[in-house]
Amino acid sequence: MKKKLGYILGSMTLGLALVLSGCGANSNAAESATTGDQAASTTATTGDNASAGSTEPQEKVTLTISAAASLTDAMGEIEKGFESENPNIDLSFNFGASGALQQQIEQGAPADVFVSAATKNMNALVDEQLIASADQKNLLQNALVAIVPADSQNNIASEKDLTSDAIRTVAIGIPESVPAGTYAKEALTYSKLWDQLESKLVQGKDVRQVLQYVETGNADAGFVYKTDALTSDQVKIAFEVDKASYTPANYPAGIITATKHRAEAEKFYAYLQTPEVLDVFTKYGFSIAE
């Protein structure tokens, strides 16, 4: 009987030990699970905060500006100022004769803003609804001058002097596509000298090429804008052409209707009209449109 009782007590003691052991294990497991959940929660919260604190960089936008060649130097300075104030916008310039740029836009070449050296080229694009009438404005005016090489000994004071035998070649822009060439033809026609000088004329694809012809001595004289003449120390102004003899050399700017970057194009268009930018144009010899 004593042996049986001892056996029963021993079994009960062993069972109690096993139960207590199991409870401890369950408690540790629960604590581990709780700790794991807290760590996961902390990690998730930290991740959310990091995500909320980060900002995506603004996407870079490139604007294509089709501009008259005579604007090259002024636009170089304006580009730096604009991009400094608008780091998410890059300006890409396409300089050329206004007539050629007009044709490119008509043919679907990419462009966001057009700055012409002649009202007629802007009006043509407005008529074709490629630029809205409300999205264009005359900004500047230029003056037509006759230039000769800086070391020239020829005394040229008027269009009539270009008929001298000492002047063998006179450079002008192609009248059909270069506004400065159109104005030169108008002035020479007004002076009744076009027919007399036509055999001496060499034509350039834009006003900068005309300037180069005179700089290099490939032409004895040439017609360019005052702003172009002021950029070179290799030429000198012989005389300023009478403004009554040619169509005013106005420079309108407009936003291309098909632009894919409307907001950025509007920003640059507005920037061109600010007092500080108009001062830059004035520095390069332009007059501000009234």
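**Exercises on the cavities and strand 8**

By class, 4 nonpolar, 3 polar and 3 charged residues make up the lining of the second largest cavity, where Ala, Val, Leu, Ile, Met, Phe, Trp, Tyr, Cys and Pro count as nonpolar, Asp, Glu, Lys and Arg as charged, and the others, Gly among them, as polar. The model is predicted, so that local features need pLDDT of at least 70 and side-chain atom pairs pLDDT 80 or more, while totals for chains, interfaces and linings use all residues. Residues are numbered from 1 along each chain as its sequence is written, and side-chain values use heavy atoms, with hydrogens and water left out.

**Exercise 1.** Determine which helices each supply at least two residues of the lining of the second largest cavity.

*Solution.* Begin with the lining, which includes Asp-73, Ala-74, Thr-227 and Asp-228; a lining residue has an atom within 4 Å of a cavity point, and a cavity is a set of points on a 1 Å grid over the protein atoms alone where a 1.4 Å probe fits but cannot get out. Helix 2 (72-85) and helix 8 (226-229) are the elements sought, helices being DSSP runs of H or I with at least four residues, and strands E runs of at least two, numbered from the N terminus.

**Exercise 2.** Establish how strand 8 (residues 221-225) is placed.

*Solution.* First, strand 5 (residues 144-149) pairs with strand 8 in the antiparallel sense over 4 bridges, where pairing requires at least two DSSP bridges. Next, strand 6 (residues 170-173) runs parallel to strand 8 and is joined to it by 2 bridges. Finally, 5 of the 5 residues of strand 8 are buried (under 20% relative accessible area, 1.4 Å probe, protein chains only), so strand 8 is largely enclosed by the rest of the structure.

How values were computed
Buried < 20%, exposed > 50% of the residue type's maximum accessible area, 1.4 Å probe, protein only. 1 Å grid on protein atoms, 1.4 Å probe; cavity = no way out; pocket = protein on both sides within 12 Å on 5 of 7 lines; lining within 4 Å.
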